[in-house]
Amino acid sequence: MKDCLFCKIAAGEMDTDFVYEDEKVVVFEDINPQAPVHLLIVPKRHISDLNSLKPEAGDLIGHVYQIAKKMAAKFKIAESGYRLVSNCGDNGGQTVYHIHFHLLGGRELQWPPG
Ligand code: 5GP
Ligand code: ZN
């Protein structure tokens with residue numbers, strides 16, 4: 001997707017530092033962190049949002065969860081706890097329409113979310 005910010009970031013076109021990368025995903029720090037640890041786990045393949053997710057993407061999403069677990073350990077929030085969240089659509093608070101997963105931790109998070 002030519003004009004998609006996260007496609008550009010994932011392709012290495014924005015000089016973003018990756019904290020992790022493999023053939024399926026990139027992980028980098030959110031530019032506007034909402035917690036001491038706030039990472040974005042972004043599939044390299046463009047999928048605009050959760051509504052567009054096909055059943056065949058099940059493996060990819062399973063992989064995202066495995067990487068989230070790995071990053072939680074790497075950033076030392078595995079024991080204290082963390083949240084993995086994907087916002088969908090306007091009411092969900094999605095602002096970038098390339099599917100991504102926020103990994104948040106390092107402080108006690110509120111529930112319900114605002
Ligand atoms: P959403 O609001 O779609 O759930 O999440 C998009 C996230 O991307 C936001 O938390 C926002 O701060 C982050 N973001 C937007 N543009 C950039 C950018 O250029 N670089 C980085 N690292 N994060 C970004
Ligand atoms: Zn994209």
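A pocket is an open set of grid points at which a 1.4 Å probe fits, with protein on both sides within 12 Å along at least five of seven lines. The structure discussed here is a predicted model.

Q: What makes the space taken by ligand 1 a pocket, and how does it rank?
A: A pocket is an open set, whereas in a cavity the probe cannot get out. The space taken by ligand 1 is classed as a pocket, and it is the largest pocket.

Q: Which residues surround ligand 1 most closely?
A: The shell holds 16 residues, and the closest are E29, D30, N87, T95 and H102.

Q: Why is the pair between D30 and ligand 1 called a polar contact?
A: The cut-off is 3.5 Å between N or O atoms. A polar side-chain atom of D30 lies 2.5 Å from an oxygen atom of ligand 1, so the pair qualifies.

Q: What makes the pairs formed by N87 and T95 polar contacts as well?
A: A side-chain N or O atom of N87 is 2.8 Å from an oxygen atom of ligand 1. For T95 the corresponding value is 2.7 Å. Both therefore fall within 3.5 Å.

Q: How much of ligand 1 does the protein bury?
A: Ligand 1 taken alone exposes 520 Å², of which the protein buries 81%.

Q: Which elements supply at least two residues of the shell around ligand 1?
A: They are α1 (5-10) and β2 (25-29). The most comes from α1, with three residues.

Q: How is the shell around ligand 1 divided by class?
A: It has seven nonpolar, seven polar and two charged residues.

Methods:
Residues are numbered from 1 along each chain as its sequence is written. Chains are lettered from A and ligands numbered from 1 in the order in which they are written. This is a predicted model: local features need pLDDT of at least 70, side-chain atom pairs count only at pLDDT 80 or more; totals for chains, interfaces and linings use all residues. Side-chain values use heavy atoms; hydrogens and water are left out. A residue is near a molecule or strand if one of its heavy atoms lies within 4 Å of it. A polar contact is a pair of N or O atoms within 3.5 Å; within protein, one must be able to donate a hydrogen and the other to accept it, and residues adjacent in sequence count only if both atoms are side-chain atoms. Accessible areas come from the Shrake-Rupley method with a 1.4 Å probe; for residues, only the protein chains shown count as cover. On a 1 Å grid over the protein atoms alone, a cavity is a set of points where a 1.4 Å probe fits but cannot get out, and a pocket is an open set with protein on both sides within 12 Å along at least five of seven lines; lining residues have an atom within 4 Å of a point. A molecule sits in a cavity or pocket if more than half of its atoms lie within 2 Å of its grid points. Helices (H or I, at least four residues) and strands (E, at least two) are DSSP runs, numbered from the N terminus. Ala, Val, Leu, Ile, Met, Phe, Trp, Tyr, Cys and Pro count as nonpolar, Asp, Glu, Lys and Arg as charged, and the others, Gly among them, as polar.
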